[in-house]
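Biologist: Could you take me through one part of this model up close? I'd like a single helix, what surrounds it and what it packs against.

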Amino acid sequence: GTMIAPSGEKFNGYTHDGFIERSFTEPIIRSVENSKHKVSIADLGGDNGSLLNEVLKKINEQNPSLETRGLVVDIDSTGKARQTFAEKQTSGERKGIEYVIADVTKLPFGDETLDVVISRMTMQYLDQVEQDQFLREISRVLKKEGMCILQTVTDEIDNPDFNEVWNKITELISKSTDFKRNFPSFGEYVKYMRVFEKYGLLPVLCSKIIKFPFSVSAFVERFHVDSQELSNLFEVESKKFPELFEIIDGQLCLKARLLDLRLKKIDNPKGFFQQQRIDRQEKIGTNP
């Protein structure tokens, strides 16, 4: 979970309260604060539910009158995530959260049934067809004015060496040499209208500053991948591309860049941006 800020500071992005609040909790609270109904929040590829659990705790602390329903959606290829989730529920955690075994590209929810969708470090394991299905499914299940927050590895079009290494890792995970790699591109998502016209989702924030290192143990923990085979790959590639790797907390890690993306499901993007400008102008005390 180690991340590296632009300052060089290292922190655990999976557990750091400030990072979770800025990335997930605060924008979600702003999005649902006026809701008059039970708010449904789904974490796609949510592993054992740790992120969603923290988000819901903070929401309930700040707005105890708001009813929430949490859904962790994960295919859970190793079975470890579901087991940890069950253990946490037995110990009194994961309250108000349900674990759903499902493919994130074929969500088992009705149209416009979710208020918020989040997904952390899942999208980069989908090929270009699956990524398209993933975003279309998110758009389908989100209610109007619903929000989606995605964190994933971003496009490295200026770094073909990284692409080469990541492709090899993905082949080990997917057991396929026909994996059509398509990193979610930062440049793609700042073309707001193109994304809106394709998915009905409007990007409202993009960031790619944080570095996110990947270790062998992190991949092995989540996927059916041979530890020795992946370790050998890391060793070979780190000698070939030393600038892409770093020893962090005693482990050899591949350094990636993080895309932090927020999308809104809205009918009128021009009206949305106009209101954003009005809100900003009112905040600084000027007239539209």
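Modeller: Here is a walk along helix 5 and its surroundings. Bear in mind that this is a predicted model. Helix 5 covers residues 160–174, so 15 residues, and at 1.5 Å a residue it should span 21 Å; the C-alpha atoms at its ends lie 20 Å apart, which agrees. Right after the helix, Lys-175 adopts a positive phi of about 60°.

Quite a bit of helix 5 is tucked away: Phe-162, Asn-163, Val-165 and Trp-166 are buried, and so are Ile-169, Thr-170, Leu-172 and Ile-173. As for what sits over these buried residues, the cover includes strands 7 (142–153), 9 (211–215), 10 (245–248) and 11 (251–264), along with helix 8 (216–222) and helix 9 (227–240).

Helix 9 deserves a closer look. Its axis and that of helix 5 come within 11 Å and cross at roughly 170°. Since angles over 145 degrees count that way, the two helices are roughly antiparallel to each other. On the helix 5 side, the contact is made by Glu-164, Val-165, Lys-168, Ile-169 and Leu-172, while helix 9 brings Glu-229, Leu-230, Leu-233, Phe-234, Glu-237 and Lys-240. Sorted by class, this contact has 6 nonpolar and 5 charged residues, with no polar ones. Val-165, Ile-169 and Leu-172 turn up in the contact and are also buried.

One last thing, on cysteines: Cys-148 counts as buried because its relative accessibility is 0%, and Cys-206 counts as buried too, at 17%. The disulfide count comes to 0.

Definitions and conventions
Residues numbered from 1 in each chain as written. Predicted model: local features only at pLDDT ≥ 70, side-chain atom pairs only at ≥ 80, totals over all residues. Heavy atoms only, no water. Helix = DSSP H or I, 4+ residues; strand = E, 2+ residues; numbered from the N terminus. Expected span 1.5 Å × (residues − 1). Buried < 20%, exposed > 50% of the residue type's maximum accessible area, 1.4 Å probe, protein only. Contact = heavy atoms within 4.5 Å. Disulfide = S-S within 2.5 Å. Axes fitted to C-alpha atoms, helices over the stretch in contact; angles between N-to-C directions. Parallel < 35°, antiparallel > 145°, perpendicular 65-115°, else oblique. Nonpolar A, V, L, I, M, F, W, Y, C, P; charged D, E, K, R; others polar.
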